[in-house]
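Hi everyone, thanks for making time this morning. I'd like to walk you through one model, so please have a look at it while I talk.

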Amino acid sequence: LGGGTGSGLGSRLAVELRDEYPRVPLFTLSVLPITVGENPVQCFNALLALATLQEVADGVLLYENDRLMALASDGRGRGG
């Protein structure tokens, strides 16, 4: 959600899907940006994207990128 393409295109796609299929449940899976990133506006991008997803989606499943990276680095991400 922190990048321009992921937050902007993903939000737009959710809006278009909601408009095209208003009676079909819409669930999204989103990954929050890392806490210390290279993009200074990534938190703002994520905020705007989440605001849009909250309006159009029936459910939003969030993952924290920091936690996913920690799981992968300590071996728990490999089924261990």
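I'll start with the whole chain, then turn to one helix, and finish with a patch on the surface.

First, a reminder that what you see is a predicted model. The protein chain holds 3 helices and 2 strands, and reading from the N terminus they come in the order α-β-α-β-α. The chain has 80 residues, and 24% of them are buried. For those of you who like contact maps: take the contacts between residues at least 6 apart in sequence, and 77% of them join residues at least 24 apart. As for the surface, the accessible area comes to about 5,900 Å², with 59% of that belonging to carbon and sulfur atoms.

Now let's zoom in on helix α2, which covers residues 42-56. From its first C-alpha to its last, this 15-residue helix reaches 21 Å, close to the 21 Å expected at 1.5 Å a residue. Which residues of α2 are buried? They are Gln42, Asn45, Ala46, Ala49, Leu53 and Val56. If you look down the axis of α2, those buried residues fall within an arc of 100°, so they line one face of the helix. Turn to the face pointing away from that buried side, and you meet the exposed residues Cys43, Leu47, Gln54 and Glu55.

On to the surface patch. Which residues make the nonpolar patch of about 500 Å²? It is made by Leu29, Val31, Leu61, Tyr63, Leu68 and Leu71. The elements giving two or more residues to this patch are β1, β2 (59-64) and α3 (65-73).

Let me pick two of its members. Val31 sits in strand β1, which spans residues 27-32. Is Val31 buried or partly exposed? Its relative accessibility is 34%, and because buried means under 20% and exposed means over 50%, Val31 counts as partly exposed. Val31 also gives us a distance to look at: its C-alpha is 9.6 Å from that of Gly6, a residue 25 positions away along the chain.

The second member is Leu68, found in helix α3. Leu68 has 35% relative accessibility, so it counts as partly exposed.

So, to wrap up: α2 lines up its buried residues on one face, while β1, β2 and α3 each give two or more residues to the nonpolar patch. Thanks for listening, and I'm happy to go back to any part of the model.

Methods: Residues are numbered from 1 along each chain as its sequence is written. This is a predicted model: local features need pLDDT of at least 70, side-chain atom pairs count only at pLDDT 80 or more; totals for chains, interfaces and linings use all residues. Side-chain values use heavy atoms; hydrogens and water are left out. Helices (H or I, at least four residues) and strands (E, at least two) are DSSP runs, numbered from the N terminus. Buried means under 20% relative accessible area, exposed over 50%, partly exposed in between (1.4 Å probe, protein chains only). Contact means heavy atoms within 4.5 Å. Accessible areas come from the Shrake-Rupley method with a 1.4 Å probe; for residues, only the protein chains shown count as cover. The expected span of a helix is 1.5 Å times one less than its number of residues. The arc is that of the directions from the helix axis to the C-beta atoms. Patches are made of residues with over 30% relative accessible area and no salt bridge: like charges are joined within 9 Å, nonpolar side chains (Val, Leu, Ile, Met, Phe, Trp, Tyr) within 5 Å. A salt bridge is a side-chain nitrogen of Lys or Arg within 4 Å of a carboxyl oxygen of Asp or Glu.
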